[in-house]
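Trainee: I am new to this structure and would be grateful for a close look at a single part of it. Could you please take me through how one pair of packed helices is arranged, and then set other places beside that pair?

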Amino acid sequence: MPFGYSGNILHIDLSSRKHWIEHPPENFYRTYMGGRALALYYMLKEMKPKTDPLSPDNLLIFAPSVITGTPAPAIPRYTVCAKSPLTGAQGEAEAGGWWGPELKKAGFDAIVIKGGSPTPVYLYIKDGKVEIKDATHLWGKDTGTTQMTIREELADDKIRIAQIGPAGENLVRFANIVNELKHFNGRNGLGAVMGSKKLKAIAVRGTKPINLFDKEKISQITKEITKRVMDNPLSRGFRELGTPGTVRPAYEAGCLPSYNWTTGYFKEGESLTAETYNKTILKRTEGCFACPIRCKRVVEINEPDLKVNHAYGGPEYETIASLGSICGISDLKYIAKANELCNRYTMDTISTGMVIAFAMQCYQEGLLTKEDTGGIELTFGNKEAVLEIIEKIAYREGLGDLLSQGSYLAAQKIGKGSEKFTHQVKRQEIPMHDPRLKTGVGLQYALSDYGADHMKAAHDPFFKDKDSVGIKEMKGLGILEPVSPTDMGEKKVALFKLWDIYWTVFDILGVCDFGYVPRSVGTMEELLEIIKSTTGWKTTWFELMKLGERSINMARIFNYREGFTSKDDTLPEVFYQNFKGGPLDGQGAINKKDFEKAIKLRYELMGWNQDTGIPAPAKLIELGLNWLIKEVK
Ligand code: SF4
């Protein structure tokens, strides 16, 4: 019996309604370990290039890791992968919560789903048993109703449910997947893939503990990290303010993305800060499985004309900016309501806010009219309009149908030069961090295999001076010297090569980015010890970094097969221009030539062709990916 994992990969064909269990050997687990690496193995082996993402031939893979479910702190995450209907590239999103650990306890290391059902279904997985159940009565229902109904009909309120709401059913290209109503596989439209398969939910329940190699050691490390979480100002502050704590420094610096990225200056910024949030809408904080940090926000509003249900969590920093300042809105209560609607219907809040802001700018410039909006005055700052448009996107009504395609495709349809109001990389709307002040984040936006994402690496300020956590705690990776957040030279490129790989290891293993260095108090050594004590493997950071690099190369090849080239590794034009307004007015533009040079250097450091960005066969051999060499010849 292996430790940490069960050796069971569940395969489901929704077309034939058959399922079977694969038992890969230990070396398979040691090579891929879980998450995106494991998922990419199946996507590259079993999916033909140019597969329509919304067809039954797309694979939808749910993958925790060999250490998911260990009681050690902040390792609750699991990955969902498929070809993305938003980007057309490798699609991927990680979620925390409780679902991943429960799947492991139910006896499975991953689920690989293919085909599509003609009628709505949900999966019920309990202690190794699998059933495909009718979900006709759940189709069209919001997430709260679906969760309650499934728990009632299976007579078990401890069942964990990953599911889609109406936006996923209606194939909104940025629909997401949620577990426990508030933990999201947020980006890349993976909820639409689930909807295209008519798969409403996956309900899991496991009553057996996970087999751990050294339970006592894990318990000792857990106690030590938990004590530090309570004592350390960094993790205490994170619990008190959560990700909304990012609003104040961003708005005070003048880089809070506002009005569809036309400025970083949002003069009502104080009304969006974590301090205002805590005073006005916060009900309590919550955590994920086995996490003492408890950074998640839960809000509630009970006013006669505005109610927000606490069951759907509360807005994080990305949502406050994307459904707030990006749309010119400064009312946290309305942002909380917009967040609740997105969560009920399962829509990514970053893409939703960005696509609405794009439409607002088109409206402002006369490219969309009141006739196009169905009579809605779609001006920046119109908070009621945002709520109305969210409903229309989820149900693909009127203008909502166009916006449900994402800003890139919507601009293609509108034409008239509207493309310049979209801000996306590989067709995915950019998150709420300005790369003009964090150039490493810019490199990651451009190079991310699944479109612009802020979780592709730790951000530049963690390495800005000798007292930064990244410099003090991570010398073991060879990071010895600080680099300025706005530097775009060789040191920055080399640093972010390491960061990309290190953070990718977190994604593969289901480790929360907010639990370990440089974002929190768990150390690299402790994380390594947790992996060893869970699996019994005498692993090293060398092996883990190769694991991360392996998955980056696999994703690169997947995208190459889909037609992506080095031209797609770029940034939106807005970042090559200076800030407008506020303290940074007239400064900050990224030098395009420097940026392009940095991308080429990164290719070289990765062992990719300097011009095309295609992995060299020798690199694939080094990573044990010989089976992919035929793809790059
Ligand atoms: S730090 Fe926050 S998001 Fe991460 S596992 Fe803990 S509660 Fe969840």
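Mentor: What follows begins with one helix pair, turns to a second pair, and ends with two residues.

Please keep in mind throughout that this is a predicted model. Two packed helices are described by the angle between their axes and by the distance between those axes. The pair to examine is helix 7, residues 215-231, and helix 21, residues 524-535. Their axes lie 9 Å apart, and the packing angle is about 155°. Since angles over 145 degrees count as roughly antiparallel, helix 7 and helix 21 are therefore roughly antiparallel to each other. The crossing of helix 7 past helix 21 is left-handed. On the side of helix 7, the contact is made by Lys217, Ile218, Ile221, Glu224, Ile225 and Arg228. Helix 21 contributes Glu526, Glu529, Ile530, Ser533 and Thr534. Sorted by character, the residues of this contact comprise five charged, four nonpolar and two polar.

A second pair may be set beside it. Helix 2 (residues 35-46) packs with helix 20 (residues 490-509) at an angle of about 75°, and their axes are 5 Å apart. Angles of 65 to 115 degrees count as roughly perpendicular, so helix 2 and helix 20 are roughly perpendicular to each other. Here Gly35, Arg36 and Ala37 of helix 2 meet Thr504, Asp507 and Ile508 of helix 20. The residues of this contact divide into two nonpolar, two polar and two charged.

Two single residues complete the view. Asn185 belongs to strand 11, which covers residues 183-185. Buried means under 20% relative accessible area, and Asn185, at 0%, therefore counts as buried. Its side chain forms a polar contact of 2.9 Å with the side chain of Tyr78. The side chain of Asn185 also reaches the backbone oxygen of Ala93, at 3.0 Å. Leaving out residues up to four places away in sequence, Asn185 touches several others, among them Thr79, Val80, Glu94 and Ile177.

Ser84 sits in the loop between strand 4 (78-83) and strand 5 (90-95). Ser84 is likewise buried, with a relative accessible area of 0%. A polar atom of the Ser84 side chain lies 2.8 Å from the backbone oxygen of Asn188. Apart from neighbours within four places in sequence, Ser84 is in contact with Pro53, Ala89, Gly91 and Asn188. Between Ser84 and Lys492 there are 30 Å in space, C-alpha to C-alpha, and the two are 408 residues apart in sequence.

Notes:
Residues numbered from 1 in each chain as written. Predicted model: local features only at pLDDT ≥ 70, side-chain atom pairs only at ≥ 80, totals over all residues. Heavy atoms only, no water. Axes fitted to C-alpha atoms, helices over the stretch in contact; angles between N-to-C directions. Helix = DSSP H or I, 4+ residues; strand = E, 2+ residues; numbered from the N terminus. Parallel < 35°, antiparallel > 145°, perpendicular 65-115°, else oblique. Left-handed = near helix turned anticlockwise from the far one by under 90°. Contact = heavy atoms within 4.5 Å. Nonpolar A, V, L, I, M, F, W, Y, C, P; charged D, E, K, R; others polar. Buried < 20%, exposed > 50% of the residue type's maximum accessible area, 1.4 Å probe, protein only. Polar contact = N/O pair within 3.5 Å; in protein donor to acceptor, adjacent residues only side chain to side chain.
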